[in-house]
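Please work through the exercises below with the sequence and the model side by side, and try each task before reading its solution.

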Amino acid sequence: MTAMAHEPLTQEEVLLEGFLALDTPEGFRAELIEGEIVVTPPPDGDHEDYIGLIVEQVTLHSRARMQFAGNKGLILGNGGDWPKDRVIPDGTFALWERRLFRGADPWMPCDGVTMVLEVTSTKPRADREAKRRCYARGGIPLYLLVDREASSMTLFSEPEKADYREHCTRPLGKLLTLPAPFGFDLDTADFL
């Protein structure tokens, strides 16, 4: 019997394999964000209520028919010496006509995603900073962040490299304009 020489795994490959082999408890979700494995517990009711309020308004008022996926795994580019980011937004929107989620693997590329949604919970800094950079690197046109700690909602737009060039922040209770293809003012009065 002869021994075969194998190429040693890179640190990035070891990290990705370890991440993909994780068996998180039911309701928890694991993400690979900028080279760090982040495990998040199940969300509370207010977190889910905010998501429901946004999805309802998009369904009722968006000029373009949108498809929504909750907790869809996205593979995004990376900006360093780590594997591609694998992020699970609280919500992912795409044009309905694309049927982007049909037949998609649990982790899919972000091509065609119109907007991602995050509602802050146990790790608000990750939503405000690291995930924002991940979504911008992925070229996702819009990132909607509901920041419960700051009682505000921010829409990031015009991704360029590792960040968004534009953002608009409104306190909860005020209107926030969602541009095309949505084309309506998101009412956050019910968030208070």
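Three exercises follow, each with a worked solution.

This is a predicted model, in which local features need pLDDT of at least 70 and side-chain atom pairs count only at pLDDT 80 or more, while totals for chains, interfaces and linings use all residues. Residues are numbered from 1 along each chain as its sequence is written, and side-chain values use heavy atoms, with hydrogens and water left out.

**Exercise 1.** Find the strand that holds L144, and decide whether L144 is buried or exposed.

Solution. Begin with the strand: L144 belongs to β9, residues 142-147, where strands (E, at least two residues) and helices (H or I, at least four) are DSSP runs numbered from the N terminus. Next, take the accessibility: L144 has a relative value of 0% and therefore counts as buried, since buried means under 20% relative accessible area, exposed over 50%, and partly exposed in between, with a 1.4 Å probe and protein chains only. Finally, list its contacts (heavy atoms within 4.5 Å): leaving aside neighbours within four places in sequence, the partners of L144 include I54, M115, L155 and L186.

**Exercise 2.** Describe how the ring of Y143 pairs with the rings of Y135 and F156.

Solution. First recall the rule, by which rings of Phe, Tyr and Trp (its six-membered ring) pair if their centres lie within 6.5 Å, with planes under 30 degrees apart stacked, over 60 edge-to-face and the rest tilted. The structure holds seven such aromatic pairs. For Y135 and Y143, the centres are 5.0 Å apart and the planes stand at 65°, so this pair is edge-to-face. Y143 and F156, by contrast, are stacked, with 5.5 Å from centre to centre and 20° between the planes. Because Y143 lies in strand β9 and F156 in strand β10 (residues 152-160), the pair ties together parts 13 residues apart in sequence. As a last step, note that ring pairs link Y135, Y143, F156 and Y164 into a cluster.

**Exercise 3.** Which salt-bridge partners do R128 and R132 have?

Solution. Side chains of opposite charge can pair when their charged atoms come close. A salt bridge here is a side-chain nitrogen of Lys or Arg within 4 Å of a carboxyl oxygen of Asp or Glu, and the count comes to 14. R128 pairs with E149, the closest N and O atoms being 3.0 Å apart; R128 is in helix α3 (residues 124-137), and E149 in the loop between β9 and β10. R132 pairs with D163, at 2.7 Å between the closest N and O atoms, and this pair joins helix α3 to strand β11 (residues 163-171).
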